[in-house]
Amino acid sequence: SWSSRHPLYYEAQPLVKKWSRIVLQAAQQQFQDNHLEAARSLIGRIPSSSPVYPSARAALERWHQQWSRAEVVLAKAQQALQQQDWTTAAAQVRALAALGNDAWQAHQVQTLAQQIRREQQGQALLTQAVAMAATGDRHQLGKAMRRASQIHPSTFIHGRAQIYLDQWSDRLLSLGLQQWYASELTQAITLARSVTPNPNRTKTAQQLIWLSQARQMAQQSLSSWRTSPDQLVKLYQAMMLANRISPDSPYYGQAQSSITTWHGYLGDLAKLQTAEITGRLQRIDSLKLAIAQAQQIPLGDPVRVRAQTLIAHWRLTIEGLEDRPLLVQAHQLAQSSTIPNLQAAIATAQKIELNRALRHQAQSWIYIWRNQIQAMEDRPLWQRSQQLASQGHLAQAIAQALGIAPGRALYGEAQAAIST
């Protein structure tokens, strides 16, 4: 703004010229970067008194002309690309190249050529994807999704591909929900994950993944035959994960129904854990209390199967505790190994009724003690036969040994001796 009368005017002019050239170079760079308004703003900062001003205005006018001519060519090219008219689009690349040879023009030519390549590649990818999805097979649909997702989002063909992507996504999500109902949760998650590349269905796919993962966690919690605090934690985590599904989700109803069901299971699981702790005391009154607690779990509850198994185990334990004194008493009687005491031991063991926990064990000991009685009863006859045989009276020895009846404890041993 200094006039020629200013004392520093002539000293400042070389600097104004130098700085103006720098600004012109910056404007040139902005234009080459496709920022015409930024270039115009920079040119406007060069004062009219600068020696560079005329050339700067001339450059700006040239840029405007190039920009205007290029806009016409580019508009025609964009229309051709929308219609997939590759011949016309390629002609516009040549027309654009003929407008000039500066860096900006070269950049525009390169950009348009790249756009045409992306459109052609996108069309090829969409054609392949549509062919893959034609069978309707879920694996092929997943492949089609992945193929179509490779189409560049800046292309016109991407909008057409999005229609297919939404249709295929809805089909895969429907199949995934069917797998969820069938408890094929790994398959449901796989199908939902194949949809996540589609931004229009990413949220819905993620919610199906959460719904399936929550059910997996709940099943893991309810599948163990022994309860633990970790099971309660895992079931609670399943409820929390399902609760992340928003009310606007198509899976909100399934999530809320599952949460309600699992909440009931959570209480039943806690009851069963309490019963198990009580049953570990191994006392009759504690075991009966554990059975009563476990019987509170309703029919149809997944925990009910485990509860019934534990109840059966605890009932056997109670029977064992109740009948153990009889078996101990029988053993004490049998220790003297006399026939009367062995008979008393047998009579005591027979007090353990059929279908009781220790009945099989009692029967085994009854068999042993009866064999002992039979051996003691037949021992004199067996000894006489052995004595006769040692004296050479074999016929008499055989006659004595034949007195041991079949099924008796020493019968096998007597028959072997008779054969000898």
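Trainee: Before the pockets, which residues count as nonpolar, charged or polar?
Mentor: Ala, Val, Leu, Ile, Met, Phe, Trp, Tyr, Cys and Pro count as nonpolar, Asp, Glu, Lys and Arg as charged, and the others, Gly among them, as polar. Please keep in mind that this is a predicted model.

Trainee: By class, what is in the lining of the second largest pocket?
Mentor: That lining has nine nonpolar residues, three polar ones and no charged residues. Among the lining residues are W382, L394, I398 and I418, together with S385, Q386 and T420.

Trainee: Which helices supply at least two residues each to it?
Mentor: Helix 15 (359-390), helix 16 (394-401) and helix 17 (411-419) each do so for the second largest pocket.

Trainee: And how much space lies in the second largest pocket?
Mentor: The second largest pocket holds about 170 Å³, while the largest pocket has a volume of about 200 Å³.

Trainee: What lines the largest one?
Mentor: Its lining consists of S1, W2, Y9, A12, Q13, V16, P47 and S49. By class, five of these are nonpolar, three are polar and none is charged.

Trainee: Changing topic: at what angle do helix 11 and helix 12 pack?
Mentor: Helix 11 (residues 252-279) and helix 12 (residues 284-294) pack at about 170 degrees, and their axes are 8 Å apart. Angles over 145 degrees count as roughly antiparallel, and the two helices are therefore roughly antiparallel to each other.

Trainee: Which residues meet there?
Mentor: From helix 11, L272, T274, A275, T278 and G279 meet S286, L287, L289, A290, Q293 and A294 of helix 12. By class, this contact has six nonpolar, five polar and no charged residues.

Methods. Residues numbered from 1 in each chain as written. Predicted model: local features only at pLDDT ≥ 70, side-chain atom pairs only at ≥ 80, totals over all residues. Heavy atoms only, no water. Axes fitted to C-alpha atoms, helices over the stretch in contact; angles between N-to-C directions. Helix = DSSP H or I, 4+ residues; strand = E, 2+ residues; numbered from the N terminus. Parallel < 35°, antiparallel > 145°, perpendicular 65-115°, else oblique. Contact = heavy atoms within 4.5 Å. 1 Å grid on protein atoms, 1.4 Å probe; cavity = no way out; pocket = protein on both sides within 12 Å on 5 of 7 lines; lining within 4 Å. Points joined across faces, edges and corners; volume = space filled by probe spheres on them.
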